Amino acid sequence: TPLPQPAAQPKTAAGLERKLDNQILVVDDNLVNLELIIEQLKKEGFHFILAAHNGREAINLAINYSPDLILIDIQMPDMSGNEAIRKLRSHGCQIPIIALSAFAMKEYVDETMACGANDYITKPINFNLLFAHINRFLDIKPARSRPRGPIEAVKSTNEPQERPPYE
């Protein structure tokens, strides 16, 4: 007798499949984490992904390309995610921001939310949970053929030139 098969899981959170044309900025100083998040976004079906390795790059890309959502690591050298969030908010940036951090203690969450983050998810990332949270912040977008701004925007200034852009 064959074993019962688990029920098929939907690929995306309910309604997320109609939001895949949104542009997402992913910020993490750890290249492995950055590439993992981008890979999961692509597997989910997102087409327009910007990448930054620190808070300064995140601010520059957010200001120049106005992504629909920012996923940002909190613990980064040079400029922390909290500092980048604070600066973006002080300049009137209303882009939804989901903070990503290994710190799960309430005081860390409270500090990040006080800086202006809209949501906080702990690492290691549960991608089903992340996509459910992403779904809450994105609107349905008309299909577009390419991201806003020049394609070079998806390359980080710290990234080796031989690497292809994240698209």
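Before anything else, one term: two strands pair if DSSP finds at least two bridges between them. Keep that in mind, as bridges come up several times today.

Hi everyone. What you see above is a predicted model, so let's walk through what it shows.

I'll start with strand β4, and with one residue in it. Which residue of β5 is the bridge partner of S101? The partner is T122. In total, four bridges join β4 to strand β5, residues 119-122, and these strands run parallel. How does the chain get from one to the other? β4, helix α4 (residues 106-115) and β5 make a right-handed β-α-β unit.

Now look at the other neighbour of β4. Four bridges join β3 to β4, and here too the strands run parallel. One place to find this pairing on your screen is L71, which stands opposite I98 in β4. The chain crosses from β3 through α3 to β4, and this β-α-β crossover is right-handed.

So is β4 buried or exposed? Five of its five residues are buried, so β4 is largely enclosed by the rest of the structure. In a regular strand, the side chains alternate between the two faces of the sheet. In β4 both faces are covered: I97, A99 and S101 are buried on one side, and I98 and L100 are buried on the other.

Let's zoom out for a moment. The protein chain has five helices and five strands. Reading from the N terminus, the elements go β-α-β-α-β-α-β-α-β-α. Of the 167 residues in the chain, 49% count as buried. Take the contacts between residues at least 6 apart in sequence: 68% of them join residues at least 24 apart. As for the outside, the chain exposes about 8900 Å², and carbon and sulfur atoms supply 55% of that.

Next, the inside. The largest nonpolar core has 24 residues, and those with the most contacts inside it are L25, V27, I70, I72, I85 and L88. Which elements each supply at least two residues of this core? They are β1 (23-27), β2 (48-52), α2 (55-65), β3 (69-73), α3 and β4 (97-101). The element that gives the most is α2, with five residues. Apart from this core lies another one, of 23 residues, with L34, I125, I134 and L138 among them.

If you want one residue to click on, try I70. Leaving aside neighbours within four places in sequence, I70 is in contact with L25, V27, A62, L88, I95, P96, I97 and I98.

Helix α3, residues 81-90, also holds R86. At 43% relative accessibility, R86 counts as partly exposed, because the partly exposed class lies between 20% and 50%. The C-alpha atoms of R86 and A114 are 8.8 Å apart, although 28 residues separate them along the chain.

Last stop: the rings. The structure holds two aromatic pairs. F103 and Y108 form a stacked pair, 4.5 Å centre to centre with 20° between the planes. Both partners are partly exposed, F103 at 30% relative accessibility and Y108 at 31%. The other pair, F127 and F131, is tilted: 6.3 Å centre to centre, with 40° between the planes. F127 and F131 are both buried. Being four residues apart in helix α5 (residues 127-137), they are separated by about one helical turn.

That's my tour, and thanks for listening!

Key. Residues are numbered from 1 along each chain as its sequence is written. This is a predicted model: local features need pLDDT of at least 70, side-chain atom pairs count only at pLDDT 80 or more; totals for chains, interfaces and linings use all residues. Side-chain values use heavy atoms; hydrogens and water are left out. Buried means under 20% relative accessible area, exposed over 50%, partly exposed in between (1.4 Å probe, protein chains only). A nonpolar core is a set of buried Ala, Val, Leu, Ile, Met, Phe, Trp, Tyr and Cys residues joined through side-chain atoms within 4.5 Å. Contact means heavy atoms within 4.5 Å. A crossover is right-handed if, with the strands pointing away from the viewer, the path from the first strand over the helix to the second runs clockwise. Accessible areas come from the Shrake-Rupley method with a 1.4 Å probe; for residues, only the protein chains shown count as cover. Rings of Phe, Tyr and Trp (its six-membered ring) pair if their centres lie within 6.5 Å; planes under 30 degrees apart count as stacked, over 60 as edge-to-face and the rest as tilted.
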